[in-house]
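Reader: Could you take me through the fold of this chain, element by element, and show how each conclusion is reached?

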Amino acid sequence: MRIAFVLSSIVIGLIRKLSGANITISGEALPESPVLFVANHFTRFETFVVPHMLYEKYDRTSRSLADDSVFVGALGRFMTWVGTISNKSKNRDCIIVEDLLSGSTDWVIYPEGYMVKNKRITFDEGEFCTHSPEYEGSVHTGAAVMALKAKILQERAKRNHGDSLKRFCDGMEIDSTKIDKTLAIKVVPISITYYPIRPGRNRFLN
């Protein structure tokens with residue numbers, strides 16, 4: 001997968017140069033353990049640029065979820081090649097949890113499942129809620145659930161539950177032999193901000 005990341009980095013680097021985009025990263029040092037990154041989502045470009053920046057700055061390979069509608073033609077084949085999977089894949093949760101438990105790769109998830117361009121978030125009846133044309137309601141909890149599933153499986157593996165662990169993993173379509181008991185899986189939030197919001201014409205758009 002590293003070859004795919006190198007090639008995609010070249011393409012994204014060219015786009016950055018032509019568009020004049022200045023991408024900066026700030027924050028704490030990343031842990032050595034597998035990471036489930038959770039990020040806000042404004043544009044489709046983030047599906048490519050976030051894994052690219054994690055590889056460029058931290059030398060970390062990560063896979064990500066993307067909207068099912070973009071998996072068409074050459075773009076769809078490229079996204080599959082770099083390890084991206086559809087958000088409608090029936091095996092997506094199993095793949096993510098198994099990758100984290102084995103330490104094979106990090107994952108980037110946009111927990112709302114769509115591009116949220118409205119910053120309005122309210123606290124209604126004990127729950128945080130988002131408001132946008134695509135969806136109004138409580139925030140999604142899938143990323144937290146996957147992190148908890150990984151932790152539960154790892155704890156069972158540490159206690160050597162043998163057959164019961166295998167049955168539990170088989171039920172989730174996860175290979176119990178790939179669980180690394182020593183890993184401390186982390187959830188790391190990413191906040192993406194654009195300035196200016198509308199940069200105007202540039203060489204890439206022209």
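The questions and answers below go from the overall pattern to the sheets, the core and the surface of this predicted model.

Reader: In what pattern do the helices and strands of the chain follow one another along the sequence?
Author: The predicted model has 6 helices and 8 strands, and 38% of the 206 residues of the chain count as buried. Read along the sequence, the elements give the pattern α-β-α-β-α-β-α-β-β-β-β-α-α-β.

Reader: Which residue of strand 4 is the bridge partner of Arg 63?
Author: Strand 4 runs parallel to strand 1, to which 3 bridges join it, and Val 38 stands opposite Ile 109 of strand 4. Strand 2, residues 62-66, is also parallel to strand 4 and joined to it by 3 bridges. In strand 4, the partner of Arg 63 is Trp 107.

Reader: Which residues of strand 4 point the other way from Asp 106 and Val 108?
Author: In a regular strand the side chains alternate between the two faces of the sheet. In strand 4, Asp 106 and Val 108 point one way, and all the residues of the two sets are buried; those that point the other way are Trp 107 and Ile 109.

Reader: Why is one side of strand 5 and of strand 7 left without a neighbour in the sheet?
Author: Strands 5, 6 and 7 form an open sheet in the order 5-6-7, with antiparallel pairing. Because strand 5 (121-124) and strand 7 (136-138) stand at the edges, one side of each lacks a neighbour in the sheet, and each has a single partner strand. Strand 5 and strand 6 (residues 127-131) pair over 4 bridges, and Phe 123 has as its bridge partner in strand 6 Phe 128.

Reader: Which helix supplies the largest share of the largest nonpolar core?
Author: Of the 21 residues in this core, Leu 36, Ile 96, Val 97, Leu 153 and Ile 179 touch the most other members. Strand 1 (35-39), helix 4 (92-102), strand 4 (106-109), helix 5 (142-158) and helix 6 (162-171) each supply at least two residues. The largest share, 6 residues, comes from helix 5.

Reader: Is Leu 7 buried or partly exposed?
Author: Leu 7 lies in helix 1 and, together with Ile 3, Val 6, Ile 10 and Trp 81, makes a nonpolar surface patch of about 510 Å². Helix 1 (residues 2-19) gives the largest share of the patch, 4 residues. Since buried means under 20% relative accessible area, and Leu 7 has 41% relative accessibility, Leu 7 counts as partly exposed.

How values were computed: Residues are numbered from 1 along each chain as its sequence is written. This is a predicted model: local features need pLDDT of at least 70, side-chain atom pairs count only at pLDDT 80 or more; totals for chains, interfaces and linings use all residues. Side-chain values use heavy atoms; hydrogens and water are left out. Two strands pair if DSSP finds at least two bridges between them. Patches are made of residues with over 30% relative accessible area and no salt bridge: like charges are joined within 9 Å, nonpolar side chains (Val, Leu, Ile, Met, Phe, Trp, Tyr) within 5 Å. Accessible areas come from the Shrake-Rupley method with a 1.4 Å probe; for residues, only the protein chains shown count as cover. A salt bridge is a side-chain nitrogen of Lys or Arg within 4 Å of a carboxyl oxygen of Asp or Glu. Buried means under 20% relative accessible area, exposed over 50%, partly exposed in between (1.4 Å probe, protein chains only). A nonpolar core is a set of buried Ala, Val, Leu, Ile, Met, Phe, Trp, Tyr and Cys residues joined through side-chain atoms within 4.5 Å.
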